[in-house]
Amino acid sequence: MKKLVLLCILFLTSSLFANEIFYTGSVKNLYETSKSNSTKGRLLPTSKVEILGEENNRYKIKIVGFVKEGVEHALYFTQKNRILVAGLSKNNSFEVLSSEKTGNEDFSQLELVAFIDKDDLTKDLNSLYVKAAELYGNNCGICHSAHDKKEFTANLWPSVMKSMLSRTALTKEDNYLVVQYLQKHSKDME
Ligand code: HEC
């Protein structure tokens, strides 16, 4: 009986977070197991993760994205532009939950299982966008007014930011967040 109660408690705590959705507040390392220390990918800020469970103080998560044939180590947010969800190492062996061809025959939609540390996750995606917009406005609106996010396409924003980054106090980490924000609100999105 005692054993059963214990099992029930274990089950309850491990499923407490199951199927909850979070968004990454920073670049997060992706691991193939709950214990591994070798990073097999990097998940970019504002990416959606679904919690599948908890193991050894890490979350087991599901991430979804599109991969282009021949470029399987880049997981994209859409099939029409290069907004990264995650960069994966070429020799990764993440569990693939599903892989489906999309209407666009070069692309497949993938569902991957990975492990991440529990920090820097939020349910409030909008708070991340607010922070990014502030960083952008405060740093890119000093010498000229900040260029509207709709002025450039998602594919152009990374190079626009890169070309001006050295003129600002933005860190590399800030830049990842700001680029995601600008790309996801760019001319060719929504
Ligand atoms: C220290 C001043 C300064 C800061 C800060 C600054 N810029 Fe600029 N920006 C300029 C100047 C000067 C130009 C004119 C062209 C040049 O000098 O390259 C310019 C031009 C541009 C252009 C037009 C480029 C073109 O070829 O027409 C864009 C877009 C731009 N900046 C975006 C940004 C973004 C994004 C940031 C923040 C990462 C930023 N700027 C921060 C000074 C700045």
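These exercises with worked solutions concern a predicted model of a protein with a ligand.

**Exercise 1. Describe the overall make-up of the protein.**

Solution. Start with the secondary structure: the protein has four helices and 10 strands. Next, read these elements along the sequence; the pattern is α-β-β-β-β-β-β-β-β-β-β-α-α-α. Then take the extent: along the principal axes, the C-alpha atoms fill a box of roughly 70 × 40 × 30 Å. Finally, look at burial and contacts. Of the 190 residues, 27% are buried. Among contacts with a separation of 6 or more, 62% join residues 24 or more positions apart.

**Exercise 2. State which domains the protein has and how they meet.**

Solution. First, find the bounds: domain 1 covers 20-121 and domain 2 covers 124-185. Second, locate their centres, which are 23 Å apart when taken over C-alpha atoms. Third, count the residues that touch: 10 from domain 1 are in contact with 12 from domain 2. Fourth, sort the domain 1 side of this contact by residue type, which gives five nonpolar residues, four polar and one charged.

**Exercise 3. Work out which parts of the protein build the largest nonpolar core.**

Solution. Begin with the count: the largest nonpolar core holds 39 residues. Within this core, Ile63, Ala86, Ala114 and Val178 have the most contacts. Now assign the core to elements. The strands that give two or more residues are β4 (48-55), β5 (58-68), β6 (71-76), β7 (84-88) and β9 (107-117). The helices that do so are α2, α3 and α4 (172-184). Then assign the core to domains: domain 1 and domain 2 each provide at least three of its residues.

As a last step, take one core residue and list its neighbours. Leaving out residues up to four places away in sequence, Ala86 touches Leu30, Gly41, Arg42, Leu43, Leu44, Ser47, Ile63, Gly65 and Leu75. One of these, Ile63, is itself among the core residues with the most contacts.

**Exercise 4. Identify the residues around the ligand and sort them by element and type.**

Solution. List the shell first: Asn139, Cys140, Ile142, Cys143, His144, His147, Val160, Met161, Met164, Leu165, Arg167 and Thr168 surround the ligand. Next, match the shell to helices. Both α2 (125-140) and α3 (157-165) supply at least two residues. The greatest share comes from α3, with four residues. To finish, sort the shell by type: seven residues are nonpolar, four are polar and one is charged.

Key
Residues numbered from 1 in each chain as written. Predicted model: local features only at pLDDT ≥ 70, side-chain atom pairs only at ≥ 80, totals over all residues. Near = placed C-beta within 6 Å. Nonpolar A, V, L, I, M, F, W, Y, C, P; charged D, E, K, R; others polar. Core = buried A, V, L, I, M, F, W, Y, C linked by C-beta atoms within 7 Å. Buried ≥ 20, exposed ≤ 12 C-beta atoms within 10 Å, placed from the backbone. Domains from an automatic or database assignment. Contact = placed C-beta atoms within 7 Å.
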